[in-house]
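Work through the following exercises with the sequence and the coordinates at hand. Each task is followed by a solution in steps.

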Number of protein chains: 2
Amino acid sequence: MTSVEELGRRARAASRVLATAPTPAKDAALATAADLLVERAADVLAANEADVEAAAAAGTPPGPLDRLRLGPARIEAMARGLRTVAALADPVGEVLDGWTRPNGLQITRVRVPLGVVAIIYENRPNVTSDAFGLCCKSGNAALLRGSSSAIRSNVAIVGVLREALAKQGLPEDAVVLVEDTAHETAVEVMRLTGHVDCLIPRGGPSLIRSIREHATVPVIIDGDGNCHVYVDASADLDEAVAIVVNAKTQRPSVCNAAESLVVHADAAGAFVPRIADVLTGMGVELVGDDAARRLAPVIGPATDDDFRAEFLDLRMSVAVAADLDAAIAHVNRYGSGHTEAILTRDLAAARRFASEVDAAAVIVNASTRFTDGEEFGFGAEIGISTQKLHARGPMGLRELTTYKYVVWGDGQTR
Amino acid sequence: MTSVEELGRRARAASRVLATAPTPAKDAALATAADLLVERAADVLAANEADVEAAAAAGTPPGPLDRLRLGPARIEAMARGLRTVAALADPVGEVLDGWTRPNGLQITRVRVPLGVVAIIYENRPNVTSDAFGLCCKSGNAALLRGSSSAIRSNVAIVGVLREALAKQGLPEDAVVLVEDTAHETAVEVMRLTGHVDCLIPRGGPSLIRSIREHATVPVIIDGDGNCHVYVDASADLDEAVAIVVNAKTQRPSVCNAAESLVVHADAAGAFVPRIADVLTGMGVELVGDDAARRLAPVIGPATDDDFRAEFLDLRMSVAVAADLDAAIAHVNRYGSGHTEAILTRDLAAARRFASEVDAAAVIVNASTRFTDGEEFGFGAEIGISTQKLHARGPMGLRELTTYKYVVWGDGQTR
């Protein structure tokens, strides 16, 4: 099997070509890949079936098994995803700004691809084509390292993607797959300094920990979402019930679902018993501080870890805050920097919360569930960054680019 | 001594206040710090003298000793630097863009401080106030870890800076200094996940290697500059002589000095002997490939390592390229992604070089020495990034910020 380093070298070489590839060539490759995925669906599904059988035989539980399984509908969705990305505007070449210096030098700052984007991901084989689509459109080569359980599916999908690239005259190595899925190869990808410009992990806490420990290449962490909804003293309580229910229960397993409810003391008497009733009725288990529990005995006791937790489940922590300051302090203390919402009719409170809460997204009077590439209008998303360097929040095509200074002179020296 | 983790906690707490501090308060703190530095110059210089004596006794060579030594002029320069930064525009709060979604959600992207910026640096105590100035103006708390040789100077300077902050009602912990300069404390800073939002190393290759190995916090690498000047077939050769001389010799010890000269074969016959003569006459040692050496026997043989080297000295590698393609390939192969210049009268060649060369700055018909915060008009600079994530090229105030999405709704749910 090809070594990780050799794959890195190939991706780097391909990235040079892709960086200046015309938009129509990239779009044609994406459209061709979409067509070929549908055309070759039987091959991909056969490979996937082998993955699923092996995983089932190895005792994989139903959840992961379902995420691993493709089917005609998922193949169609992958193809549709590629066509959607092809239809988005090409971010490459945008002149971000520019100015002329007193000595006549004309400085322009131009958006360019990152180069080689590595993605380490778990299970879901559809990430293979989704990640390729975003990388290709933004002019990046993609170096993919999926899980061993999906290896047959990923090989089949990458084969189709590479064929599409070649058909459109682009380098096949604009997408390379690490086929050796031994644990060490993931670490090798994390340490491909010089070949990888950016690593984006798509996976759970153990992958993030491993990356923090081992990575020598620049990383964007797609981290936890311990998202809060803060119900202010002046909140519209009917609206607050609807938003809290939506934020907690509409899809509890995702990172922008709310995990914690913070209620202003002045609203707590009216709101906590009411929302506790509604959420409990929907099967949500509540844990909270003493003040919340006094108002709604159905709420169990919460530990400090509960307030820190990303439950990803029908469970929610509840805290009563003496005032806005206490609420902001609570959110900044326990939040993971993903999404924090305030529900209020008080403009000053909304502005203070928006300004003082430290998170990728602060949402006023709407559900936390809106922090999402599609919902933000990016057309597609490669992840949601919870770090502050480079990209914050949902990452679309723009976040897969960097910039370069192009300086025009006529003989200037210092 | 206070533990690194405790310093991180204090810096984090201070960063919450500084993030929303009004511009006039930050400017007043910078002005006060400048005044106090001059007022307390005697104390700072006494502390510095003790550092210099200890370093001299330990056998420190003249170069590093000079970088360590302050004096009334350097104190004045530090104060002037703080006043310059105070006069720059505050980047915080800029609305970068915004849009309204079909469901009525109004999304704005607002520039905010990074939070806590850690800087690990060597020797020069003036970095202490320079880094503080840029961090404070951009609303960040600064966690500083200087070298042991400068510890007395740094303690004295940080004392002045903290006093200035307190005088203007800002938290003293907006600048904290790691006073324990044991090797381990640098590594502790690199691993302060949760307390440090961005680490910027200012130091040599061994520091960068240590950071690649140990850091778990996001890092911006201020890396090597193996900068090329490429003299195209159509270059104005008089201008080319002036630019190459400037790029190589005006200040050979800095990262934007040119280290390598690449000459198009069609210009080589006229240019290589001429520039070899001029550079050799100025004390520059030249090493080159066979084609260059045939044209100018004064050029010694170059190894592959020579073409890779950042000499930071009066030494330069010379290569002859068969054509523009070969020149671009050479630059992309050996360059470090810092600054690459093309000298040409051919528009198509200039455009191709600008587009295909992968570097933070590509300069057409001017010296590589212009890649610099001051020369770019940033007013001040905290380093020059050679990585692609977040910031590329010279980093000023803007590069010490990130953004946050602020989303305004009126009850939206999914």
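**Exercise 1. Find the strand of chain B that pairs with β16(A), and give the sense of the pairing.**

Solution. In this predicted model, the partner is β13(B), residues 361-366. Five bridges would be the count to look for in the DSSP output: 5 bridges join the two strands, which run parallel. To fix the register, take Gln412(A), whose bridge partner in β13(B) is Ala366(B).

**Exercise 2. Describe the side of chain A that touches chain B, by number of residues, by element and by class.**

Solution. Start with the count: chain A gives 57 residues to the contact and chain B gives 56. Next, list the elements of chain A that supply two or more residues: α9 (205-214), α10 (237-249), α15 (347-356), β13 (361-366) and β16 (401-412). Of these, β16(A) provides the largest share, 11 residues. Last, sort the side of chain A by class, which gives 24 nonpolar, 19 polar and 14 charged residues.

**Exercise 3. Which strands pair with β7(B), and how are the residues of β7(B) placed?**

Solution. First consider burial. A residue counts as buried with 20 or more other C-beta atoms within 10 Å. In β7(B), residues 227-231, 5 of the 5 residues are buried, so the strand is largely enclosed by the rest of the structure. Cys227(B), Val229(B) and Val231(B) point one way, while His228(B) and Tyr230(B) point the other way.

Then trace the pairing. β7(B) pairs with β8(B), residues 258-264, in the parallel sense over 5 bridges. Val229(B) stands opposite Leu261(B) in that strand. Between β7(B) and β8(B) the chain passes through helix α10(B), residues 237-249, in a right-handed β-α-β crossover. β7(B) is also joined by 4 bridges to β12(B), residues 339-343, and these strands run parallel. Here Val229(B) faces Ala341(B).

**Exercise 4. Identify the residues that touch the most other members of the largest nonpolar core.**

Solution. The largest core has 149 residues. Those touching the most other members are Ala142(A), Leu143(A), Val189(A) and Leu199(A), together with Leu143(B), Val189(B) and Leu199(B). For Ala142(A), set aside neighbours within four places in sequence; its contacts are then Val117(A), Ile119(A), Ala131(A), Phe132(A), Cys135(A), Ala174(A) and Val175(A). A second, separate core holds 64 residues, including Tyr230(B), Val231(B), Val364(B) and Phe370(B).

**Exercise 5. How is chain A divided into domains, and how many residues are in contact between them?**

Solution. Domain 1 of chain A covers 4-223 + 393-408, and domain 2 of chain A covers 227-374. Their centres, taken over C-alpha atoms, are 35 Å apart. In the contact, 5 residues of domain 1 of chain A meet 6 residues of domain 2 of chain A. The side of domain 1 has 2 nonpolar, 3 polar and no charged residues.

**Exercise 6. His390(A) and Leu312(B) have positive phi values. Locate each one and decide whether it is buried or partly exposed.**

Solution. His390(A), which is not a glycine, has a phi of about 75 degrees. His390(A) is in the loop between β14 (383-385) and β15 (393-395) of chain A. Because His390(A) has 22 C-beta neighbours inside 10 Å, it counts as buried.

Leu312(B) has a phi near 55 degrees and lies in the loop between α13 (304-308) and β11 (315-321) of chain B. With 16 other C-beta atoms within 10 Å, Leu312(B) is partly exposed.

Conventions:
Residues are numbered from 1 along each chain as its sequence is written. Chains are lettered from A and ligands numbered from 1 in the order in which they are written. This is a predicted model: local features need pLDDT of at least 70, side-chain atom pairs count only at pLDDT 80 or more; totals for chains, interfaces and linings use all residues. Two residues are in contact if their C-beta atoms, placed from the backbone, lie within 7 Å. Ala, Val, Leu, Ile, Met, Phe, Trp, Tyr, Cys and Pro count as nonpolar, Asp, Glu, Lys and Arg as charged, and the others, Gly among them, as polar. Two strands pair if DSSP finds at least two bridges between them. A nonpolar core is a set of buried Ala, Val, Leu, Ile, Met, Phe, Trp, Tyr and Cys residues joined through C-beta atoms within 7 Å. A residue is buried if 20 or more other C-beta atoms lie within 10 Å of its own, exposed if 12 or fewer, and partly exposed in between; C-beta atoms are placed from the backbone. Domain bounds come from an automatic or database domain assignment. A crossover is right-handed if, with the strands pointing away from the viewer, the path from the first strand over the helix to the second runs clockwise.
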